[in-house]
Amino acid sequence: MFNWYSERVDKVLDTGAGECWLREPDIAKLVADALQHFEGERYELRALTIMPNHVHVVVRPLSPHTLSAILKSWKGYTALHANRLLDCQGTFWQEESYDHLCRDDDDIARCCAYTLNNPVSAGLCHDPRDWPWTSHVGKK
């Protein structure tokens, strides 16, 4: 049941549904910079991909920081500055986030591969290295 649901959500996201503000280079750079800012201090960042209407991040919080606090920080900072760049007000990110607990190295590798290959799966490029907002940044 869950795989079926997540596959359907992924397909809708990959069609470019919604505002697609992250397609704007200034907004994508803002988000990429924010996601990488506290790497090694608050979290280990394994992989990230910024899609036109959503973001994938494989991250490991470092104690005492929690995933919820990290997400709140990312979303708050980027929403404020993205709305300024767009001359907009209101909600930039949806309230809910989807997360998956990686249980072992194989699961981490699978999540990183999925994250890095999402632009290819969505038909945005042929090689993940061609997508400007994809990065394998973390350590093993």
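Helices and strands are taken here as DSSP runs, of at least four residues for a helix and at least two for a strand, numbered from the N terminus. On this basis the protein chain of the predicted model contains 4 helices and 3 strands. Their order from the N terminus is α-α-β-β-α-α-β. Of the 140 residues in the chain, 32% are buried. The accessible surface of the chain amounts to about 9300 Å², and carbon and sulfur atoms account for 52% of that area. Among contacts between residues at least 6 apart in sequence, 54% link residues at least 24 apart.

Helix H2 covers residues 25–37. With 13 residues at 1.5 Å a residue, H2 should span 18 Å, and the 18 Å between its end C-alpha atoms agrees with this expectation. Its buried residues are Ile27, Ala28, Leu30, Val31, Ala32, Ala34 and Leu35. In an α-helix there are 3.6 residues a turn, so residues three or four places apart point the same way. The buried residues of H2 pack against two strands, E1 (43–50) and E2 (55–61), and against helix H3 (67–86).

The largest nonpolar core comprises 16 residues, of which Leu22, Ile50 and Phe92 touch the most other members. Two or more residues of this core come from each of H2, E1 and H3, and H2 gives the most, with 6 residues. In soluble globular proteins, nonpolar side chains tend to be buried together. When residues up to four places away in sequence are not counted, Leu22 touches Ile27, Ala28 and Val31, each of which is a buried residue of H2. Leu22 also touches Ile50, Met51, Pro52, Asn53, His54 and Val55, as well as Phe92 and Trp93. Two of these contacts, Ile50 and Phe92, are named with Leu22 among the core members that touch the most others. A second, separate core has 5 residues, including Ala47, Val58, Cys111 and Leu116.

The chain was also examined for disulfides. A disulfide is a covalent bond between the sulfur atoms of two cysteines. With a cut-off of 2.5 Å between cysteine sulfur atoms, the count is 0. For Cys102, the closest cysteine sulfur is that of Cys111, at 3.7 Å, which is too far for a bond. Cys111 is likewise in no disulfide, its nearest cysteine sulfur being that of Cys102. The accessibility of each cysteine was also assigned. Cys102 counts as partly exposed because its relative accessibility is 24%, whereas Cys111, with a relative accessible area of 13%, is buried; the limit for a buried residue is under 20%.

Technical notes
Residues numbered from 1 in each chain as written. Predicted model: local features only at pLDDT ≥ 70, side-chain atom pairs only at ≥ 80, totals over all residues. Heavy atoms only, no water. Expected span 1.5 Å × (residues − 1). Buried < 20%, exposed > 50% of the residue type's maximum accessible area, 1.4 Å probe, protein only. Contact = heavy atoms within 4.5 Å. Core = buried A, V, L, I, M, F, W, Y, C linked by side-chain atoms within 4.5 Å. Areas by Shrake-Rupley, 256 points an atom, 1.4 Å probe, with all protein chains shown as cover.
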